[in-house]
Amino acid sequence: MSAADGRRRLVIAATGASGAPLLLECLRIVGMHPDWESCLIMSRGARLTLGYETDLAVEDVARMADTVLEPEDIDAAPASGSFATAGMLVVPCSMKTVAGIASGYADTLILRAADVTIKEQRPLVLAARESPLSAVHLRNLYELSRLPGVRIVPPMLTYYHRPGSVADMTHHCACRLLQPFGIEEEDMFRWGEARG
């Protein structure tokens with residue numbers, strides 16, 4: 001679904017699980033596509049994790065997005081199904097957030113936006129981060145996986161593309177997270193393709 005200027009709008013939420021570099025890479029990729037715009041929501045936990053995993057400030061990340069909303073702004077645009085979006089990506093997605101989405105407990109903008117994405121049957125991609133996964137985590141993920149449009153995409157390390165660095169692995173994971181929305185990167189290696 002398009003914004004007023006014709007660009008497609010993607011809601012990107014970040015929670016407190018490990019994986020801040022994945023958020024940054026997803027924002028960077030979306031920012032390189034002029035026909036897309038990003039609407040960022042960062043939880044308090046995500047802001048804390050950012051400090052542990054990067055040298056960036058929240059303000060630096062905010063500049064990478066087109067719009068930034070606070071998780072407490074439960075009346076912001078993504079809380080309504082009438083707000084046109086192409087879907088929502090939660091990266092990284094904590095098990096607390098998974099539990100909230102699975103139970104319909106929409107007490108923050110992130111949870112409400114996910115709830116709206118599900119009820120409108122738009123794509124919802126969850127970069128679920130936890131290890132090991134408990135029976136509770138698996139039950140919640142299973143319940144969400146049964147809903148139309150919901151994809152559970154754990155940022156798994158892959159080696160078939162022969163990554164030369166952590167940055168290569170991060171880029172590949174980010175590409176996989178954005179694929180369900182139709183955001184394609186030419187340099188993403190796909191199985192069965194010849195290496196350059």
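What follows is a chat between a trainee and a mentor about a predicted model.

Trainee: Let's start with the cysteines. How do you know how many disulfides there are?

Mentor: Go by sulfur distances. A disulfide needs two cysteine sulfur atoms within 2.5 Å. For cysteine 39, the closest cysteine sulfur is in cysteine 26, 15 Å away, so that is too far for a bond. Cysteine 173 is in no disulfide either, with the sulfur of cysteine 26 as its nearest, 9.1 Å away. The count by this rule comes to zero disulfides.

Trainee: And what makes cysteine 39 and cysteine 173 buried or exposed?

Mentor: Buried means under 20% relative accessible area. Cysteine 39 has 2%, so it is buried. Cysteine 173 has 9%, so it is buried as well.

Trainee: Next, the backbone. What makes the bond between valine 91 and proline 92 worth a look?

Mentor: Its omega is about -10°, and the peptide bond is cis. Most peptide bonds are trans. Proline 92 sits in strand β4, residues 88–93.

Trainee: Where is the cis bond to proline 132, and what is its omega?

Mentor: The bond runs from serine 131 to proline 132, with omega near -5°. Proline 132 belongs to the loop between β5 (124–128) and α6 (135–145).

Trainee: What makes glutamine 121 stand out in its backbone?

Mentor: Its phi is positive, about 55°, although glutamine 121 is not a glycine. Most residues other than glycine have a negative phi. You'll find glutamine 121 in the loop between α5 (109–119) and β5. Exposed means over 50%, and glutamine 121 has a relative accessible area of 58%, so it is exposed.

Trainee: How do you know whether arginine 162 is buried or exposed?

Mentor: Use the cut-off of over 50% again. Arginine 162 comes out at 64%, so it counts as exposed. Arginine 162 also has a positive phi, about 50°, though not a glycine, and is located in the loop between β6 (150–152) and α7 (166–178).

Trainee: And what follows α4?

Mentor: Glycine 104, with a positive phi near 75°. In α4 itself, residues 95–103, the residues Met95, Thr97, Val98, Gly100 and Ile101 are buried. Their cover includes β4, α5, β5 and α6.

Trainee: Now the interior. What makes a set of residues a nonpolar core?

Mentor: The members are buried residues from a nonpolar list, joined through side-chain atoms within 4.5 Å. The largest one here has 31 residues, and Leu23 and Val91 have the most contacts inside it. At least two residues each come from β1 (8–14), α1 (20–31), β2 (36–42), α2 (44–53), β4, β5 and α7. The top contributor is α1, with eight residues.

Trainee: Which residues does valine 91 contact, leaving aside neighbours within four places in sequence?

Mentor: They are Ile12, Ala13, Ala14, Leu22, Leu23, Cys26, Ala127 and Leu177. Apart from the largest core lies another, of 25 residues, including Leu69, Val90, Ile110 and Ala113.

Trainee: Why is serine 38 called buried?

Mentor: The cut-off is under 20%. Serine 38 has 2% relative accessibility, so it counts as buried. Serine 38 is part of strand β2. Beyond its neighbours within four places in sequence, serine 38 contacts Leu10, Ile12, Leu27, Val30, Met64, Ala65, Asp66 and Thr67.

Trainee: How do α1 and α7 pack, and what is the handedness of the crossing?

Mentor: The angle is about 65° and the axes are 9 Å apart. The crossing of α1 past α7 is right-handed. Among the residues making the contact are Pro21, Leu22 and Cys26 of α1, and Thr170, Cys173 and Leu177 of α7. By class, the contact has ten nonpolar, two polar and two charged residues.

Trainee: What makes alanine 174 in helix α7 buried?

Mentor: Set 0% relative accessible area against the cut-off of under 20%, and alanine 174 is therefore buried. Not counting residues up to four places away in sequence, alanine 174 touches Leu22, Glu25, Cys26 and Ile29. The C-alpha atoms of alanine 174 and glutamate 185 are 9.8 Å apart, with the two residues separated by eleven places along the chain.

Notes
Residues are numbered from 1 along each chain as its sequence is written. This is a predicted model: local features need pLDDT of at least 70, side-chain atom pairs count only at pLDDT 80 or more; totals for chains, interfaces and linings use all residues. Side-chain values use heavy atoms; hydrogens and water are left out. Helices (H or I, at least four residues) and strands (E, at least two) are DSSP runs, numbered from the N terminus. Buried means under 20% relative accessible area, exposed over 50%, partly exposed in between (1.4 Å probe, protein chains only). Contact means heavy atoms within 4.5 Å. Axes are lines fitted to C-alpha atoms, for helices over the stretch in contact, and angles run from 0 to 180 degrees between N-to-C directions. A crossing is left-handed if the near helix is turned anticlockwise from the far one by less than a right angle, and right-handed if clockwise. Ala, Val, Leu, Ile, Met, Phe, Trp, Tyr, Cys and Pro count as nonpolar, Asp, Glu, Lys and Arg as charged, and the others, Gly among them, as polar.
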